[in-house]
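This report looks at how helices pack and how nonpolar side chains gather. The account starts from the interior and works outward to one helix pair and one loop residue.

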Amino acid sequence: MIRVIAGKFKGKKLLVPKSAKPITDRIKTSIFDLIKEYVEGVNVLDLFAGSGNFAIEALSRGAKKAVIVENDPEALGCIRTNLDKCNLKLQADVIKADALNYLKIPKATFDIIMLDPPFPIPVENKIRLLRLALNHLNNNGLLIFRYPAHENIKIKDSEGIIIYTKKYGISQVAFVTKATKA
């Protein structure tokens, strides 16, 4: 069981689907400690959402709206239950879709994107997802990307800039911004 760490719904326990390996409270706390000044009033995209943990935490801390993308039926049920528990159904759109297919079609842009693909996905596919996700990021937005610490993730400077990385056990989290056009 995971919980909301801070904000309006602090302490609420969230359901987790059996298939999901959610970010731990330790990692989530660290991420939100780094971005806490940036969350208020933003639009969030949570890809490979699992339980909706990241989006719900952001909404609890003052984000305006969240789009939650998940393909697994059990996970979608958990996400909807978790949104109900926190009375957040009106602030979140739950999309049943494969994240890659969702990213291929131009849609709205977001201030914060959480990209947390399952670890078994090949590195090349993760890099492709990262590149596509950057197309959905606002110019001053932040993409948070979690991947296995042993993987070497690189993107072209013309696509995005990794501004900070931190290792957490077997995970690494990269904070990525859009490249500025010269």
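The model is predicted. Its largest nonpolar core has 33 residues. Within that core, I31, I35, V44, F54, I68, I112 and I144 touch the most other members. Seven elements each supply at least two residues of this core: α1, α2, β4 (65–70), α3 (73–85), β6, β7 and β9. The largest share, five residues, comes from α2. Another core lies apart from this one. That other core has 25 residues, including L45, A99, Y102 and V176. In soluble globular proteins, nonpolar side chains tend to be buried together.

**Two residues and their contacts**

Two residues deserve a listing of their partners. Residues up to four places away in sequence are not counted for V44, nor for L88.

| Residue | Residues touched |
|---|---|
| V44 | F54, A58, A63, K65, A66, V67, F110 and I112 |
| L88 | F9, I56, L59 and L83 |

V44 is one of the core residues with the most contacts to other members. Among its partners, F54 and I112 are on that list too.

L88 sits in the loop between α3 and β5 (92–96). Is L88 buried or exposed? Its relative accessibility is 1%, so L88 counts as buried. L88 and V4 are 84 residues apart along the chain. Their C-alpha atoms are separated by 13 Å.

**The α1/α2 pair**

Helix α1 spans residues 25–35, and helix α2 spans residues 53–60. They pack at an angle of about 45°. Their axes are 12 Å apart. Angles of 35 to 65 degrees fall outside the roughly parallel and roughly perpendicular ranges, and α1 and α2 are therefore oblique to each other. Their crossing is right-handed.

Which residues make the contact? From α1 come K28, I31 and F32. From α2 come N53, F54, E57 and A58. By class, the contact has four nonpolar, one polar and two charged residues. I31 and F54 also appear among the core residues that touch the most other members.

**Burial along α1**

Six positions of α1 are buried: I27, K28, S30, I31, F32 and I35. An α-helix has 3.6 residues a turn, so residues three or four places apart point the same way. The cover over the buried residues of α1 includes α2. It also includes the strands β1 (2–3), β6 (110–115), β7 (137–148), β8 (160–168) and β9 (171–178).

Notes: Residues numbered from 1 in each chain as written. Predicted model: local features only at pLDDT ≥ 70, side-chain atom pairs only at ≥ 80, totals over all residues. Heavy atoms only, no water. Axes fitted to C-alpha atoms, helices over the stretch in contact; angles between N-to-C directions. Helix = DSSP H or I, 4+ residues; strand = E, 2+ residues; numbered from the N terminus. Parallel < 35°, antiparallel > 145°, perpendicular 65-115°, else oblique. Left-handed = near helix turned anticlockwise from the far one by under 90°. Contact = heavy atoms within 4.5 Å. Nonpolar A, V, L, I, M, F, W, Y, C, P; charged D, E, K, R; others polar. Buried < 20%, exposed > 50% of the residue type's maximum accessible area, 1.4 Å probe, protein only. Core = buried A, V, L, I, M, F, W, Y, C linked by side-chain atoms within 4.5 Å.
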